[in-house]
Amino acid sequence: MQELYKQYKGLLFKLAYQLMGTVSDAEDVVHDVFLKIYDVPPEKLAEPKAYLCKMVTNRCRDLQKSARKKRERYFGEWLPEPLLNSDDDSMASVFRDDLLSYAMLVLLERLTPTERVVFVLREALGFDYQEIAKVIDKSEVNCRKLLSRANRKLGISTEEFGYIEEDNQELIHDFLVALKKGDMNQIVSLLDPNVVLISDGGGKVSAAADPIITREHVARFLFGPVRQASMIEGIPVIEINTINGQPALILRSSEGIHTVAMFHVENGMIRNLYLIRNPDKLRNIGI
C-alpha cells in the first residue's frame, strides 16, 4: 500500500485539486481514498491508476454537492485557492506538471462535475479516452461528447487559455515595479483594454463584490485599497513568487500576507487579474 501511495499521491492530488479548487479538500480526498483502499479487494486493483482516479472523482463529486451550496451563499466572487510551489515533502510539493493555468481553474466553475472530470483528465492529465471511460463509467463516445460540451461552455480553445502561463515573468516584473512606484500610467499601459479584475475576500476582508472592468477602474482599485494595504513604514511590500506554477504577486502588510495576485496574459497584456484575499485561502502561502 505504501508503494501505491508513493506512486500515485501526486497524480491523485493534481486531479482532486483541479476538481475542487481548494488545497485542503484535495488533501482530504487523497487521504480518504488511501484509508478506504485497505478495504478494497486486491482483484479490483489490477489497474490501480484507473481505480484510484475513480475513487478520487467519486469522492470529489460528493464534496462538490455541499461545496456548490456553500458557494451559493458565498459573499462576493469565489476564486480557487492558490497553491505555492514548494520543495518540501508535502503532498502539494509534487505539483509540477499537468497543471492547468489559474485562469482556467476559474473558468472550470462553469462546468458540471462530470464535464469537469473529463476536461481535467484529458486536458490537464493527458488521459486517453479509454482511460477516461473507465474512470467515469461511460463510453468513449460519450467522453468525447462531454469534452466537446465542456469546450463550448468554456467558450475558448484549450490552446488559447489552458496551461501554465510560465513566460510572463518580465511583464509581471514590470507590473510589480510600476505598482511599487505608484506609476499609474505604466500600470494602465500593461492592462488589456478589456481587462477584468476579480477579487475574493470571502466576506472576511475587504474586496470588490463584483468584477471590475476597464483599465482605468482596475488601476484605481489597485492604487487604492490594494496598494495602501501593502504599506509597511511607508514602503509597499510586494514580491514575485511562483504560485500554481506561474508568476504571481504576494502582497504583505505588517500582519503578514493579505493578497495573492494571479494573472492571465493575452497578446502581451494583462487580460484578467485575480486577487485572492480570503485569509482561509492564504493559509498555504505562509512564506
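1. Let's start with helix 7, residues 140–154, in this predicted model. With 15 residues at 1.5 Å a residue, helix 7 should span 21 Å, and its end C-alpha atoms do sit 21 Å apart, so expectation and model agree.

2. Now for what helix 7 hides: Cys 143, Leu 146, Leu 147, Ala 150 and Leu 154 are buried. These residues cover an arc of only 100° around the axis, which means they lie on the same side of helix 7. The spacing fits the usual rule: an α-helix has 3.6 residues a turn, so residues three or four places apart point the same way.

3. Which helices does the buried side of helix 7 meet? Its buried residues pack against helix 4 (102–107), helix 5 (113–124) and helix 6 (129–136). On the face turned away from that buried side, you'll find Val 141, Lys 145 and Arg 152 exposed.

4. Have a look at the end of the helix too. Gly 155, just after helix 7, takes a positive phi of about 70°.

5. On to the sheet. Six strands make up an open, mixed sheet, ordered 2-1-8-7-6-5. Strand 2 (212–213) and strand 5 (238–243) each have a single partner strand, so they stand at the edges with one side lacking a neighbour in the sheet.

6. The partnership of strand 5 with strand 6 (residues 246–253) is antiparallel and runs over six bridges. Within it, Ile 238 has Leu 251 of strand 6 as its bridge partner. Helix 9 (residues 169–181) packs on the sheet, touching strand 1 (191–200), strand 5, strand 6, strand 7 (256–266) and strand 8 (269–276). The direction of helix 9 makes about 155° with that of strand 5.

Methods. Residues are numbered from 1 along each chain as its sequence is written. This is a predicted model: local features need pLDDT of at least 70, side-chain atom pairs count only at pLDDT 80 or more; totals for chains, interfaces and linings use all residues. Side-chain values use heavy atoms; hydrogens and water are left out. Helices (H or I, at least four residues) and strands (E, at least two) are DSSP runs, numbered from the N terminus. The expected span of a helix is 1.5 Å times one less than its number of residues. Buried means under 20% relative accessible area, exposed over 50%, partly exposed in between (1.4 Å probe, protein chains only). The arc is that of the directions from the helix axis to the C-beta atoms. Contact means heavy atoms within 4.5 Å. Two strands pair if DSSP finds at least two bridges between them. Axes are lines fitted to C-alpha atoms, for helices over the stretch in contact, and angles run from 0 to 180 degrees between N-to-C directions.
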